[in-house]
Amino acid sequence: MTDVIVVGAGPAGSAAALLAARDGLDVVLLERGPFPGSKNAYGGVVYGRVLDEVLPNWWDEVPVQRWVTRRSTMVLTEGRALTVDFRSTDWGKAPYNGCTTFRADFDSWLAGKAVEAGAQLVTSTVATGLVVEGDRVVGVRTDRSDGDLRAPLVIAADGVKSFLAKEAVLLPRTQAKHLTLGVKEVLSLPREVIDERFGVRGNEGVDVEILGCTRGIPGGGFVYTNRDSISVGVVVSVEHLAAAKVRAEDLVADLKAHPAVAPWVEGADLKEYTAHLIPEGGYDHLPPLSTPGMLVTGDAAGLCLAAGIWLEGVNFAIGSGLEAGRHARRIIETRDEKPYRAALEETFVLQDHKRLRGAPGVVLSERVQQQYPGLIADLVQGLFTVTNPTAKPGVVKLLRAAAKNNGVKLRHLMTDGLRGGKVFR
Amino acid sequence: MTGYDGISFDDRMETVEFRVAERAHIVVDSDVCRSCTTKACVTACPANLFAPTSDGGILFNYEQCFECGTCYQVCNAEGALTWTYPDGGHGVVFRHG
Ligand SMILES: Cc1cc2nc3c(=O)[nH]c(=O)nc-3n(C[C@H](O)[C@H](O)[C@H](O)COP(=O)(O)OP(=O)(O)OC[C@H]3O[C@@H](n4cnc5c(N)ncnc54)[C@H](O)[C@@H]3O)c2cc1C
Ligand code: SF4
Ligand code: SF4
């Protein structure tokens, strides 16, 4: 008898299966791809500390490309770039902070942990729908010849498109407003060349988040270093991308041609091109996280944290999956799903989302996306351009000119500053 | 067709593995598309699979699809797209996703 059916062997599903199996439950973990991670694409960096408690010393085993010891935030305008760059040797040793890794490797590794704990992983199998009795989910339909699978609890960990959550009417069928499309090129380069171009050594790596590189379409870009390749991509609002009639790969081409990025990618060969959606609605647009007989986790529940300088989905998926798995037995016994949401409220998963609920609105706002990059570049260029024999202009004068030049009113700067301060407090 | 940055779109898609299924997992009803004013899918699909036809419809090929879901999110007309997952084990296989 199966106790729990987990749909999707992404980070959320494998985390849920791991703890449910450790608790002695009979767990089936369904994955539609031929192996875990085969359908998944992200930036990426995995922030693994969420695993500390369940997989001690995970950092000795995780299939890491590089440990991120350097993080940059870049603001681009045509021909100009302002970068805030931070590095810490602390991030290069245990317990580390984040690592670059490919999902085929990472998701397979985490699913392997669930299997070691006793979960049964079934790949190449699509959960095609829910089996419902009365108002209760009692199983899933599959595209296997043996058909339906029944269990007292279904955990939907089926990612951003979650057809299971849609079927249970927890998610609307379309929600382009709250989705971004991410496309990524993995470009191969020799390891030493990456070390040299990015100023790192050994297994150290770099994470660069970029604003102002998407032709005004709300979104941003990224560059991550892997062992012998770099990942370059953009994430843009689906709605605005479609309206602008711009092709996503052209935005990546723009980014790669920018003078601040071009020297990094020079001579690199395209190894793989990928595309995937991201749920970015944040706390104010979370669906109900359960329905009788079913819990919804990770991206399926919109739990990816996309708040400008943070793009964290894997750790949030794992965090929510762990709580689903941890409380599975009690939920089965009491037929009450409430402890799942209550547990999430007690962890970073909903606490961070709640605190940063206003972030998507600020980060994707028109001024932040279209006007502030130019304003900042003008201001900094003014500060550092030596205009002799003319004397240096004052900062206030420069700020006024930069604001005017980019169509920003000083009162907008004030209100946005206050709003930003409130949102990111 | 050479892309914007020198990589042709075909070469770009050549880097991706597709285990093509016999069943088309996405079906486009070109008759519905003919009355569509946005044709949003055409540029938004990252795999460039929606080709406008001379009679105002859409020619679609499911084989090199990322299964990302962008098309049905931006689709302008009810009933134009039937979107399902490829049968288990088929479709796109990312190695460096
Ligand atoms: C471009 C981009 C960049 C990103 N960058 C980062 C980053 O740097 N760091 C970070 O932490 N996060 C990042 N994210 C977000 C992160 O990828 C997601 O939040 C995370 O993968 C969510 O995990 P999940 O387990 O909920 O869903 P997924 O990883 O999507 O897993 C869902 C799984 O379910 C399977 N599945 C779906 N439906 C079915 C079905 N019906 N039957 C069987 N199996 C099914 C899928 O094949 C898949 O394996 C990024 C995302 C994108 C797109
Ligand atoms: S799912 Fe994505 S790749 Fe496939 S046809 Fe739709 S938009 Fe294109
Ligand atoms: S947006 Fe929808 S209706 Fe319009 S052309 Fe594309 S598939 Fe057809």
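This section describes the domains of chain A, the contact between chains A and B, the surroundings of ligand 1, and some backbone features of a predicted model.

Chain A is divided into three parts by the domain assignment. Domain 1 is discontinuous in sequence, being made up of residues 4-64, 101-172 and 287-357. Domain 2 covers residues 176-279, and domain 3 covers residues 365-423. Between the C-alpha centres of domain 1 and domain 3 of chain A, the distance is 44 Å.

Chains A and B are in contact through 51 residues of chain A and 40 residues of chain B. About 3800 Å² of area is buried between the two chains, and carbon and sulfur atoms account for 55% of this area. On the chain A side, the greatest losses of area to chain B are those of A:Arg247, A:Glu272 and A:Tyr273. Together, these three residues contribute 16% of what the chain A side buries.

Ligand 1 is located between chains A and B. Its shell consists of 37 residues, and the closest of these are A:Glu31, A:Gly43, A:Val45, A:Arg103 and A:Asp299. When the shell is sorted by class, 18 residues are nonpolar, 12 are polar and 7 are charged. Domain 1 and domain 2 of chain A each provide at least three residues of the shell. In terms of secondary structure, at least two shell residues come from each of four elements of chain A, namely the helices α1 (11-22) and α8 (314-326) and the strands β16 (269-279) and β20 (310-312).

Polar backbone atoms of chain A approach ligand 1 at several points. A nitrogen atom of the ligand lies 3.0 Å from such an atom of A:Gly43, and a ligand nitrogen is 3.2 Å from a polar backbone atom of A:Leu311. For A:Ala157, the pair is formed by a polar backbone atom and an oxygen atom of ligand 1, at 3.5 Å. Of the 1000 Å² of accessible area that ligand 1 has on its own, 98% is covered by the protein.

A:Gly43, one of the residues closest to ligand 1, also takes part in a cis peptide bond. This bond leads from A:Gly43 to A:Gly44 and has an omega near 15°. A:Gly44 belongs to the loop that connects β2 (27-30) with β3 (45-46) of chain A. A cis peptide bond is also present between A:Ala94 and A:Pro95, where omega is about 0°. A:Pro95 is placed in the loop between β5 (80-87) and β6 (99-100) of chain A. A further backbone feature concerns A:Asn57, a residue other than glycine that has a positive phi, near 60°. A:Asn57 is situated in the loop between β3 and β4 (66-77) of chain A.

How values were computed. Residues numbered from 1 in each chain as written. Chains lettered and ligands numbered in written order. Predicted model: local features only at pLDDT ≥ 70, side-chain atom pairs only at ≥ 80, totals over all residues. Heavy atoms only, no water. Near = heavy atom within 4 Å. Polar contact = N/O pair within 3.5 Å; in protein donor to acceptor, adjacent residues only side chain to side chain. Areas by Shrake-Rupley, 256 points an atom, 1.4 Å probe, with all protein chains shown as cover. Nonpolar A, V, L, I, M, F, W, Y, C, P; charged D, E, K, R; others polar. Domains from an automatic or database assignment. Contact = heavy atoms within 4.5 Å. Buried area = accessible area lost by both parts, 1.4 Å probe.
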